[in-house]
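This briefing is intended for reading alongside the sequence and the three-dimensional view. It proceeds by topic, from the surface to the strands and then to the charged side chains.

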Amino acid sequence: MAGSDRLPIRYTLQDYPNQPTPQPQPQPIKRHHTARYYAHRVRESLTNRVIKILCTIFLSLLLFVGIVLFILWLSLRPHRPRFHIVDFIVPGLSQPSGFENAQITFNVTDRNSNPHIGIYYDSMVGSVFYKDQQIGSAPLMDPFYQEPKTTTIVYSTFSAATLTVNSNRWKEFMDARQQGTVIFRLEITSVIRFKVTTWDSKHHKMHVNCDVAVGPDGTILPTWKNKKCPVYFS
């Protein structure tokens, strides 16, 4: 068949230069939401931003106030007084019958370490114990006010009139003296108030316990001198 031997003919743009080039047709934009929806989203975004800014400002102010209050609390927080036993003497301890004129003399320092807080001492009573048995008690000082960063000397003498020491108790002292050490406990009980500028705190009952040891001559042993006394409130 003669027609099947012909080659197919293809035409290009060079063969027809005057033919217009086909342009791609623009595709229509598909809108999934309305304009009102997008306006609502914009307003919602602005509202969230404003809320976040306000929250950040509030939290920053809260943090700043908290830091200021914490610093004030640290500077104005009352610290309990510091007591140290300086001297403790039982002069008649070297005498077998010393209980007849028994006497105990002590000296304690009371330090108010607060830089801005004063302390009112409404009362102060001292008691001496031996083996947890009270052997004497008496008022120590009249009510007084202690300025900040000051030290007060608390001293007194328990005489035979304020001591309940009999011959049996004195024999116990002598037995301990033979071992080289006689241990006593001095307890100071006070009712105090803290003063911050023009504000006074409520009353606090303070207890000071000073364990102290004396040698055969009745004087405080060097290792017990200037020892810090525990302080607690009840």
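A surface patch, as the term is used here, is made of residues with over 30% relative accessible area and no salt bridge, and nonpolar side chains are joined into one patch when they lie within 5 Å. On that basis, Val50, Ile53, Leu54, Ile57 and Leu61 make a nonpolar surface patch of about 480 Å². The model is a predicted one. The points below take up this patch, the open sheet, strand E3 with its partners, and the salt bridges.

**Nonpolar surface patch**

- Leu61, one of the patch residues, is placed in helix H1, which spans residues 35–76.
- Is Leu61 buried or exposed? Leu61 has a relative accessibility of 52% and therefore counts as exposed, the cut-off for that class being over 50%.

**The open four-stranded sheet**

- An open sheet is formed by 4 strands in the order E6-E2-E1-E10, with antiparallel pairing.
- The edge positions belong to strand E6 (150–158) and strand E10 (227–229); each has a single partner strand, so one side of each is left without a neighbour in the sheet.
- From one strand to the next, the twist averages 30°.
- Within this sheet, strand E1 (residues 82–89) and strand E2 (residues 104–112) run antiparallel and are joined by 7 bridges.
- His84 has Thr109 in E2 as its bridge partner.
- As a general point, strands of a sheet pair through backbone hydrogen bonds, in either a parallel or an antiparallel sense.

**Strand E3 and its partners**

- Of the 14 residues of E3, 10 are buried, so this strand is largely enclosed by the rest of the structure.
- Which residue of E7 stands opposite Met124? The residue opposite Met124 is Ser190, and the pairing of E3 with E7 is antiparallel over 12 bridges.
- E3 also runs antiparallel to strand E5 (residues 144–146), to which 3 bridges join it; Ile119 has Gln146 in E5 as its bridge partner.
- With E4, E3 pairs in the antiparallel sense over 6 bridges, and Phe129 is matched with Gln134 in E4 as its bridge partner.
- E3 and E4 form a hairpin with 2 residues between them. In the turn, Lys131 has a positive phi of about 55°.

**Salt bridges centred on Arg193**

- How many salt bridges does the structure hold? The structure holds 6 salt bridges.
- Asp122 and Arg193 form one of them, with their closest N and O atoms 3.0 Å apart.
- This pair links distant parts of the chain: Asp122 belongs to strand E3 (residues 117–130) and Arg193 to strand E7 (residues 182–196), and the two are 71 residues apart.
- The burial of the two partners can be stated separately: Asp122 is partly exposed, with a relative accessible area of 27%, whereas Arg193 counts as buried at 17% relative accessibility.
- The side chain of Arg193 also meets that of Asp200 in a salt bridge, at 3.5 Å from N to O.
- Asp200 is partly exposed, its relative accessible area being 33%.
- Through salt bridges that share partners, Asp122, Arg193 and Asp200 are joined into one network.

**Arg185 and its polar surroundings**

- Arg185, which lies in strand E7, forms a salt bridge with Asp132 through their side chains, at 3.7 Å from N to O.
- Asp132 is in the loop between E3 and strand E4 (133–139), and Arg185 is in strand E7, so the pair ties together parts that are 53 residues apart in sequence.
- Asp132 is exposed, with a relative accessible area of 61%.
- Why does Arg185 count as buried? Arg185 counts as buried because its relative accessibility is 18%, and the class requires a value under 20%.
- Two further side-chain contacts involve Arg185: a polar contact of 3.0 Å with Glu187, and another of 3.3 Å with Asn209.

**Points to carry forward**

- Strand E3 has antiparallel pairings with E7, with E5 and with E4.
- Strand E7 contributes Arg193 to the salt bridge with Asp122 in E3 and Arg185 to the salt bridge with Asp132 in the loop between E3 and E4.

Notes. Residues are numbered from 1 along each chain as its sequence is written. This is a predicted model: local features need pLDDT of at least 70, side-chain atom pairs count only at pLDDT 80 or more; totals for chains, interfaces and linings use all residues. Side-chain values use heavy atoms; hydrogens and water are left out. Patches are made of residues with over 30% relative accessible area and no salt bridge: like charges are joined within 9 Å, nonpolar side chains (Val, Leu, Ile, Met, Phe, Trp, Tyr) within 5 Å. Accessible areas come from the Shrake-Rupley method with a 1.4 Å probe; for residues, only the protein chains shown count as cover. A salt bridge is a side-chain nitrogen of Lys or Arg within 4 Å of a carboxyl oxygen of Asp or Glu. Buried means under 20% relative accessible area, exposed over 50%, partly exposed in between (1.4 Å probe, protein chains only). Two strands pair if DSSP finds at least two bridges between them. Axes are lines fitted to C-alpha atoms, for helices over the stretch in contact, and angles run from 0 to 180 degrees between N-to-C directions. A polar contact is a pair of N or O atoms within 3.5 Å; within protein, one must be able to donate a hydrogen and the other to accept it, and residues adjacent in sequence count only if both atoms are side-chain atoms.
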